[in-house]
Amino acid sequence: MQTVLLIDDDVELVEMLKEYLELESFEVSVAHDGATGAKMAAQQTFDIIVLDVMMPKLNGIDTLRTIRQHSNVPVIMLTARGDNTDRILGLELGADDYVPKPSTPREIVARIRAILRRVKPAEESNGASTQIIVGALAIWPAQRLVTWDGEPVTLTSTEFNLLEILAKNAGQVVTKQDLSQQALGRPLERFDRTIDVHLSSIRHKLGLLPDGRHIIQTVFRLGYQLLKD
Amino acid sequence: MGRLYWKFFIFFFLAQLTAVTGVGVAVWIANNKLENANAQIEASPSAKSMVAAAAATLKFGGVEGLQALMQYWAQRPMPQVYAVDEQNMELQGRAVSVDVIKSAREVLSQRIAVDGEQKANVLVRGAVQQIQASDGHRYLLFVPAFQKGAMPNPRMLGFNAKPRNRHLFPFVPLLAGVLASLIFAAILAWYFSKPIKQLRQAFASAANGSLDVRIGTAMGNRHDELADLGSAFDLMATRLGALMQSQTRLLHQVSHELRSPLARLQIAVGLARQQPDKLDSSLTRIERESERMDNLVGELLELSRLESGVMKVEKEPIYIDELLTTVIEDARFEGMAKKITIQYEQAGDVSVLGQQDLLHRAIDNVVRNALKYSEDESQVVISTMLKQDNIIIKVTDHGPGVAENELETIFQPFYRGSESHHKDGHGVGLAIAKQIIEAHGGTIIANNVASNVVNNHMASGLSVEISLPRV
């Protein structure tokens, strides 16, 4: 059973969502404030964390920052609909995706599943995957390991998925729509910056090519491309 | 330069021009009169010395001496000194026009103001002299002005023929005056129109929604009505900005507050779909959430009505004791679930002027708030006391209290203690209470009660004090 940690100050909402998720066969733990949530995330391992951005005490953004200090566990944020600042800030801090609040529980479950499915692909394609090497970049999909010039790179699961997709299609342009479908399991919304924020974050974690360029290039209006040699 | 500038400019200029022209014309007329008199009499230095010589001759040589001198002068081509007695008779019997004699007398008596004293006009002093002669007559000595063509060439004879246009209109000073008034009109117009232009720009940008413009510094160190207008604008912009900000914040909070029950509604619906067998409990939840939203919307409307001041407080006498009794009855019933007792300490029945239903609502909100945050089996104390012209209603609970720095913010809409997770109510109740109390000319404040012994255990709590002016 996959484990979910729900962090939200709305006690009744959490209760209902817990009930819903449990019937969808998840094992659910709950925390009613950010500090408790961050502490639980540090003590136990969860498959995914669902985090509300608007909370008293330690708010969602700060909670995410605390969690990311020692864990790359997938995180889905619950953000107010239309609040782009929180959304982008959250993605930049390493959240994997967001779900607007209010949303139907079905949508929340769909997002959770989409992320989880992509975090554990190794189990499905057992041993079939070999390592991908593009220049200084080396990816081991089975171990979910990435190195740059032999140095290991720490990526969140969504960042890893995106990089893997780009590396598999090295030298070709991959559209943002495809990236969203394959890495997040959902179509891109209008004015959705999720993919851009994730890729910008990956760029920061990888080094530069000998000629000073980034290995991931933005192709205006089309999408992104991983440079092949 | 705007239109106002040009209007100011033209008006100032015209005013100054009129003044300059008026004064100029008046001076010209006065001068002209003087000049006319002076024009008949020669006042050049040589004429003056001739007159002086004649005067000396008359004084010391007597009438005969003067006659001899005049005869001698008469043979020479030069201006002639005339001597006229009281009867306007010329000594040599020469014809002298009455006009000239009159002018000579005028010149003699001409006085101008110098340093506050009346002194003889320097220009013409000595040009005419009056001498008491030995024959008993008083002779007026002067040189009549040259007539054109009467003399061969006065200049050759050492006379400075003065230009004869002295009585013409004074163009040069007038031109200087016009120029000066142009410059001053321009400066004055600029001085008035510049701050008005700044004000206009500030208003324009305020109208465009940027309320952070301030004109205080742009005015420099002016201290006049225009500068006051500028600071009044600044004050207005600051207040409006603060008001707009609070409205925006309220709107933001409202949308957030409405989202919470909506989010729960969505999940309740999801649960109903997921487990059709538990439809009943899901529907109960859905019902509860929609009720909450309805309450929230109602409270918001009430708050907005109170804040906009649309509500008119009908003043009627209200007996506080009576009001409190009904509130407490409700509260006792409400508190039964948590086994909260309510203690009422009354200090005399007084009445205040106000609207019964509004005041009831305000006090009820405060008491309900106290109940909500009270611990189970604790006590809420409601007491009244008289303080000068006010009645103070104090509601003290035994709950967690609030942080010291949040004592004022609890009266703002949607404040919810950072420690609390209560989902009943929306944090609008105390804001409504505050609006109502203030509409009645009262005040409402909150304090933390440090410690209290209740049923032999220490407890902190919050105390809300409502002060209302009594009749």
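**Two chains, from the contact inwards**

Let's start where the chains meet: 21 residues of chain A and 16 residues of chain B make up the contact. On chain B, the side that touches chain A splits into eight polar, five nonpolar and three charged residues. Keep in mind as you look around that this is a predicted model.

Now for chain B as a whole. DSSP-style bookkeeping gives chain B nine helices and 12 strands. Chain B has 471 residues, and 26% of them count as buried. How do its contacts spread along the sequence? If you take the contacts in chain B between residues at least 6 apart in sequence, 71% of them join residues at least 24 apart.

Next, the nonpolar cores. Which residues sit at the hub of the largest one? That core has 44 residues, and the members touching the most others are A:Val4, A:Ile48, A:Ile49, A:Val50, A:Val75 and A:Ile76. Helix H1 of chain A, residues 11–23, supplies the largest share of this core, with six residues. If you want one residue to click on, try A:Val50: once its neighbours within four places in sequence are set aside, A:Val50 is in contact with A:Val4, A:Leu6, A:Ile76, A:Leu78 and A:Ile108. Apart from this core lies another one, with 42 residues, including B:Ala331, B:Val428, B:Ile436 and B:Ile444.

Back in chain B, there is a small piece of architecture to walk through: an open sheet of three strands, in the order S1-S5-S4, with antiparallel pairing. As a reminder, strands of a sheet pair through backbone hydrogen bonds, either parallel or antiparallel. Strand S1 (82–84) and strand S4 (128–132) of chain B are the edge strands, each pairing on one side only. On average, and ignoring direction, neighbouring strands of this sheet are turned by 25° against each other.

Zoom in on one pair. S4(B) and strand S5 of chain B (residues 138–142) run antiparallel and share five bridges. Within that pair, B:Val128 stands opposite B:Phe142 in S5(B).

What packs on the sheet? One element is helix H2 of chain B, residues 45–74, which touches S1, S4 and S5 of chain B and whose direction makes about 25° with that of S4(B). Helix H3 of chain B, residues 98–109, also packs on the sheet and touches S1, S4 and S5 of chain B, but its direction makes about 90° with that of S4(B).

Note on methods
Residues are numbered from 1 along each chain as its sequence is written. Chains are lettered from A and ligands numbered from 1 in the order in which they are written. This is a predicted model: local features need pLDDT of at least 70, side-chain atom pairs count only at pLDDT 80 or more; totals for chains, interfaces and linings use all residues. Two residues are in contact if their C-beta atoms, placed from the backbone, lie within 7 Å. Ala, Val, Leu, Ile, Met, Phe, Trp, Tyr, Cys and Pro count as nonpolar, Asp, Glu, Lys and Arg as charged, and the others, Gly among them, as polar. Helices (H or I, at least four residues) and strands (E, at least two) are DSSP runs, numbered from the N terminus. A residue is buried if 20 or more other C-beta atoms lie within 10 Å of its own, exposed if 12 or fewer, and partly exposed in between; C-beta atoms are placed from the backbone. A nonpolar core is a set of buried Ala, Val, Leu, Ile, Met, Phe, Trp, Tyr and Cys residues joined through C-beta atoms within 7 Å. Two strands pair if DSSP finds at least two bridges between them. Axes are lines fitted to C-alpha atoms, for helices over the stretch in contact, and angles run from 0 to 180 degrees between N-to-C directions.
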